[in-house]
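Thanks for making the time this morning. I would like to take you through one model, starting from a loop and then turning to the helices, and I will give the cut-offs as we go.

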Amino acid sequence: MILDITRHKFAEGLAMLLLFALLATVAAATLFSVPAEIITGGGAPLMDGIIAFRAQHPAISAVALGLMYVYAVLRLSRATVRVDLYPQGTMASIALAAVTLFGVVASEDYMSLIVVAILAAEAFGRLLYCFGPSCRAHYLFSSMVALGAMPLVDSSLALLAVALPVIVIVVRATLRETVVTLLGIALPTLLYCYVVWYGGGDFGDAFLAVWDRYQLSAHMTLAAYLDIPRLVYLAVVLFLQLATILIYITSPLASNRTMRDSWRVLILAALVVGASLFVLPAASPALVVVNAMIASVMLPLLFQRASSFASVLLYLLLLVASLVAAL
């Protein structure tokens with residue numbers, strides 16, 4: 001196994017991803033086979049269905065976790081390979097995303113967290129294609145649809161679903177892309193309200209219910225999720241993420257518009273997620289998962305700038321911390 005992940009080819013990255021997907025499946029089927037006691041005061045409209053499915057079908061949920069794990073990592077890392085985010089091309093994001101995601105998803109509430117991870121991967125993975133001289137409307141629209149669906153799964157993501165479209169509109173600043181962004185972000189909520197109305201409910205009440213849960217306590221308290229090993233792991237991720245941001249800010253790396261716009265949006269999104277985690281009553285582990293996905297996109301820059309020895313050391317630190325936090 002090549003420990004210097006900046007030298008990873010697709011085969012090494014895929015092998016690491018499959019290993020961690022298998023570990024996640026085994027952990028879900030053994031360590032987390034019995035759902036934890038869920039605090040149902042918060043959550044979101046789709047959360048009840050996810051929790052019920054996970055409780056009624058533990059074996060299927062464990063297998064689904066592995067498959068969804070692979071999809072989420074590949075969806076996000078594919079975009080980092082195809083756009084100019086780093087000084088040199090690299091596939092380090094595959095292994096980094098696999099390791100980073102494991103430490104935050106492997107828990108009693110794994111099913112809802114992996115759904116959040118997939119939505120985050122779709123939102124940011126597709127959004128990265130939208131920066132630069134031109135923007136493909138279908139990537140922007142599908143990215144905003146995934147982002148707009150996040151509050152339907154976990155209400156703590158509502159602030160991100162409001163702030164990120166504003167950031168994108170300011171960065172792009174074109175009428176066509178503003179319309180596409182607004183339509184995409186509104187579609188999931190409007191579709192949910194229509195389904196409720198079609199089933200005999202009230203359209204307006206359904207809309208307000210989505211955002212009313214934003215003010216409630218989370219379905220799973222952060223105190224139960226953030227035990228000491230996971231806090232240590234998150235401290236490691238945050239340290240590496242902040243170091244990466246500092247390297248980007250202090251180094252003349254932004255040689256083109258694609259890189260500048262992408263990093264600007266990633267950094268602002270990380271700040272919004274951090275603010276949500278500390279100030280919102282609905283703060284939940286979903287915010288930790290989203291930040292881990294953002295960090296996995298950023299970290300290859302740090303590993304490229306570090307020496308080979310430092311790169312291996314930091315990777316081993318992240319790897320061990322992730323395994324200890326989850327298992």
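**From a loop to the helix packing**

Cys130 sits in the loop that connects helix 5 and helix 6, where helices (DSSP H or I, at least four residues) and strands (E, at least two) are DSSP runs numbered from the N terminus. Before going on, I should say that this is a predicted model, in which local features need pLDDT of at least 70, side-chain atom pairs count only at pLDDT 80 or more, and totals for chains, interfaces and linings use all residues. Residues are numbered from 1 along each chain as its sequence is written, and side-chain values use heavy atoms, with hydrogens and water left out.

Is Cys130 buried or exposed? With a relative accessible area of 1%, Cys130 is buried, where buried means under 20% relative accessible area, exposed means over 50%, and partly exposed is in between, using a 1.4 Å probe and protein chains only. Its C-alpha atom is separated by 8.8 Å from that of Ser262, which is 132 residues away along the chain.

Tyr129 is also placed in the loop between helix 5 and helix 6, and because its relative accessibility is 16%, Tyr129 counts as buried. The C-alpha atoms of Tyr129 and Ser262 are 9.0 Å apart, with the two positions 133 residues apart along the chain. Leaving aside residues up to four places away in sequence, Tyr129 touches Arg75, Arg78, Ala79, Arg82, Val83 and Tyr139, a contact being heavy atoms within 4.5 Å.

One of those partners, Arg78, belongs to helix 3 (residues 58–82), and at 42% relative accessibility Arg78 counts as partly exposed. The C-alpha atom of Arg78 is 7.5 Å from that of Gly125, although the two are 47 residues apart along the chain.

Let me turn to helix 5, residues 110–127, whose 18 residues should span 26 Å at 1.5 Å a residue, and whose end C-alpha atoms are 25 Å apart, which agrees; the expected span is 1.5 Å times one less than the number of residues. Helix 5 is mostly covered, with 18 of its 18 residues buried.

Next comes helix 13, residues 285–305, which packs against helix 4, residues 92–105, at an angle of about 145° with the axes 9 Å apart. Axes here are lines fitted to C-alpha atoms, for helices over the stretch in contact, and angles run from 0 to 180 degrees between N-to-C directions. The residues in this contact include Leu96 and Leu101 of helix 4 and Met293 and Phe303 of helix 13.

Helix 13 and helix 14 (residues 308–326) also cross at roughly 145°, their axes coming within 9 Å. That contact is made by Leu299, Leu302 and Phe303 of helix 13 together with Ser311, Leu314, Tyr315 and Leu318 of helix 14.

Where does helix 13 kink? A kink of about 35° lies at Val297, shortly before the proline Pro300, the bend at a residue being the angle between axes fitted to the seven residues ending there and the seven starting there. Because 20 of its 21 residues are buried, helix 13 is largely enclosed by the rest of the structure.

Finally, the whole chain: it has 14 helices and zero strands, and 56% of its 327 residues count as buried. Among contacts between residues at least 6 apart in sequence, 81% join residues at least 24 apart.
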